[in-house]
Amino acid sequence: MYKKSIGDRIFVSFVYVFLILLGFSTFYPFWNGLVISLNDGMDTALGGVTFWPRKWSLENYYVVFRDDRILNAFMISVMRTVLGTILSVLCTAVFAYGMTKKELIGRKFYMMMCIVTMYFGGGLIPTFLVVRGLGLMDSFWVFIIPGLISVWNMIIFRTFFMGLPEGLQESAKIDGCGNWSTFFRIVLPLSGPVIATLGLFTAVAHWNEWFLPSIYITKEKLLPIQSMLQQILSTNIMTEQMSKLDSAAQSRMSAMKSVTTKSLSMATMMVATLPIIAVYPFVQKYFVKGVLVGSLKE
């Protein structure tokens with residue numbers, strides 16, 4: 001059995017200490033935000049709330065869930081993430097499957113043009129003009145259609161499909177399957193790891209997006225939760241939110257005076273963050289295989 005030298009032990013110990021500190025520095029801001037969201041707002045303003053709530057309170061979440069705008073923004077984000085992820089992964093996979101066909105005329109040219117788009121883009125103004133020309137301004141579909149195809153994900157899908165045994169598709173053709181039947185009955189069911197991984201990355205991108213809605217959306221009812229959170233963090237809308245509560249709730253909140261802008265911001269951040277974090281444990285086992293599959297064969 002190999003015996004580690006003193007230098008190896010010191011190095012391993014240093015690595016473990018570094019990883020622990022890195023993990024702590026990454027996790028602590030989230031944990032502190034959760035603690036502040038569960039603490040009395042006025043008590044938080046006094047300072048010193050770090051690792052554990054000093055004065056427990058759910059009033060921050062009470063205000064958040066009584067605000068119809070935040071609930072509507074949350075539902076917009078859910079619909080956008082679910083629909084956008086399904087359509088994006090499906091369309092990208094279909095595109096990638098077509099790019100694996102050797103009989104496709106101009107396949108290399110199409111691939112080159114796709115790669116060009118990864119390095120060069122028209123910019124924000126041309127994109128805005130295209131979106132406006134398509135009539136997608138102030139439309140829910142502006143969240144879905146512009147990002148329907150991801151070239152990077154297409155390359156990963158294509159590499160994975162090219163790594164599948166050719167005999168499977170040839171056998172399907174002998175049995176009378178066309179390209180669509182082969183794709184949905186043979187290729188797609190075998191692509192679980194890469195679909196799960198790229199689907200998660202796409203879902204996270206949809207859920208966390210806040211910048212594009214600020215450009216293409218002017219109707220408040222179409223803003224996603226991240227855009228609403230950005231407004232809360234950048235402007236003091238505490239008074240406006242309080243005015244939207246019914247008279248009984250206003251009296252209750254005024255009597256306790258336990259909610260501040262900071263505590264409300266942290267509660268909204270938790271509502272916007274926890275749902276997407278909850279998805280990670282279910283697809284974590286696919287990460288390594290799904291991410292590395294694009295480097296196996298090209």
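This briefing covers a helix pair, the aromatic pairs and the cysteines of the structure above. The model is predicted, and the values below are computed from it. Helices H10 and H15 run roughly antiparallel to each other, with a contact whose residues divide into 7 nonpolar, no polar and no charged. The structure also holds 20 aromatic pairs and 0 disulfides.

**Helix packing**

- Two packed helices are described by the angle between their axes and the distance between the axes.
- For helix H10 (residues 192-208) and helix H15 (residues 261-277), the axes come within 11 Å and cross at roughly 170°; because angles over 145 degrees count as roughly antiparallel, H10 and H15 are roughly antiparallel to each other.
- On the H10 side the contact is made by Ala203, Val204 and Trp207, while H15 contributes Val271, Ala272, Pro275 and Ile276.
- Sorted by residue class, the contact of H10 with H15 comprises 7 nonpolar residues, with no polar and no charged ones.

**Aromatic pairs and a cluster**

- Among the 20 aromatic pairs in the structure is that of Phe128 and Tyr216, whose ring centres lie 6.0 Å apart and whose planes stand at 15°, so the pair is stacked.
- This pair links distant parts of the chain, since Phe128 belongs to helix H6 (residues 124-133) and Tyr216 to helix H11 (residues 211-216), with the two residues 88 residues apart.
- The partners fall into separate burial classes: Phe128 is partly exposed, with a relative accessible area of 24%, whereas Tyr216 is buried, with a relative accessible area of 3%.
- Phe140 and Trp141 also form an aromatic pair, in this case edge-to-face, with 6.0 Å from centre to centre and 75° between the planes.
- Within that pair, Phe140 has a relative accessible area of 18% and is therefore buried, while Trp141, at 41% relative accessibility, counts as partly exposed.
- One aromatic cluster is formed by Tyr97, Phe157, Phe160, Phe161, Trp180, Phe183 and Phe184.

**Cysteines**

- The structure holds 0 disulfides, and two of its cysteines can be described by their accessibility: Cys91 counts as partly exposed at 28% relative accessibility, whereas Cys114 counts as buried at 10%.
- The assignment for Cys114 follows because buried means under 20% relative accessible area, and the value for Cys114 is 10%.

Conventions. Residues numbered from 1 in each chain as written. Predicted model: local features only at pLDDT ≥ 70, side-chain atom pairs only at ≥ 80, totals over all residues. Heavy atoms only, no water. Axes fitted to C-alpha atoms, helices over the stretch in contact; angles between N-to-C directions. Helix = DSSP H or I, 4+ residues; strand = E, 2+ residues; numbered from the N terminus. Parallel < 35°, antiparallel > 145°, perpendicular 65-115°, else oblique. Contact = heavy atoms within 4.5 Å. Nonpolar A, V, L, I, M, F, W, Y, C, P; charged D, E, K, R; others polar. Disulfide = S-S within 2.5 Å. Buried < 20%, exposed > 50% of the residue type's maximum accessible area, 1.4 Å probe, protein only. Phe/Tyr/Trp six-rings, centres within 6.5 Å; stacked < 30°, edge-to-face > 60°.
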